[in-house]
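This report concerns the pairing of strands in a single sheet. The sequence and structure are shown first.

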Amino acid sequence: MTTPDFAAVLREASLRVTKPRLAVLTAVHEHPHADTDTVIGHVRADLGAVSHQAVYDVLRALTDAGIVRRIQPAGATARYESRVGDNHHHLVCRSCGAIADVDCSVGHAPCLTASDDHGFVVDEAEVVYWGTCPDCAAASSTSTTDHIRSTTTSHQ
Ligand SMILES: [Zn+2]
Ligand SMILES: [Zn+2]
C-alpha cells in the first residue's frame, strides 16, 4: 500500500499541517471505517497524550474539508474513511457491524434514480447493503455455541 503524502493533502485543502492532523489522517487511512475511539487509540499510540476533544476537532476539520468521509449506518457509531469522492457504498453486517466498501454501481452520485423526485434536485442516494458478513455466516452455520464467536475479527 502506497501512503499518500498527507502533508500535501492538507495543504491542498488549505489546512495547516499539524502533527495531530497528520496522525489522524494516517490512522483513518490505515484503518478504514474506524470509529472515533479506534482513531483516538491509534493517534495516541503515535503521538502520546492527545485529548478526545482534539481528535474530534481534527476529524471534524478533515471531514468539513472533504479529506475524510464520515459514515454512520443506522444504529452504529460514526465511522471515518479516507476514501472520498467516489460515491462508494457500504455493506454492513447486522451481526458484528463489520463494514466493507462497494464501488458505486454507476460511478457517480446519485446512482439511484428516484421513482418520483417530487421536484427535488437529487444529488445523492445513500445506499447501505445490510446483511451478514462471511465470518458471521460461517460462525452461525458451523457452531451452535454463539459465545465463542470473535468480536475482534478485522474485516479489512
Ligand atoms: Zn459479521
Ligand atoms: Zn468505505
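The following paragraphs describe the sheet, its strand pairs and the turn of its hairpin.

The model is predicted. In it, 3 strands form an open sheet in the order β5-β4-β6, and the pairing is mixed. Strands β5 and β6 are the edge strands, each of which pairs on one side only. Neighbouring strands of this sheet are turned against each other by 25° on average, with direction ignored. As a general matter, the strands of a sheet pair through backbone hydrogen bonds, in either a parallel or an antiparallel manner.

The two strand pairs are set out below.

| Strand pair | Residues | Direction | Bridges |
|---|---|---|---|
| β4 and β5 | 89–93 and 99–102 | antiparallel | 4 bridges |
| β4 and β6 | β6: 128–131 | parallel | 4 bridges |

Within the antiparallel pair, individual positions can be located. Leu91 stands opposite Ala100 in β5, and Val92 stands opposite Ile99 of that strand. Strands β4 and β5 form a hairpin, with 5 residues between them. Gly97 lies in the turn of this hairpin and has a positive phi of about 85°.

On the parallel side, β4 is joined to β6 by 4 bridges. Here Cys93 has Gly131 in β6 as its bridge partner.

A general point may assist inspection of the side chains: in a regular strand they alternate between the two faces of the sheet.

Note on methods: Residues numbered from 1 in each chain as written. Chains lettered and ligands numbered in written order. Predicted model: local features only at pLDDT ≥ 70, side-chain atom pairs only at ≥ 80, totals over all residues. Pairing = 2+ DSSP bridges. Helix = DSSP H or I, 4+ residues; strand = E, 2+ residues; numbered from the N terminus. Axes fitted to C-alpha atoms, helices over the stretch in contact; angles between N-to-C directions.
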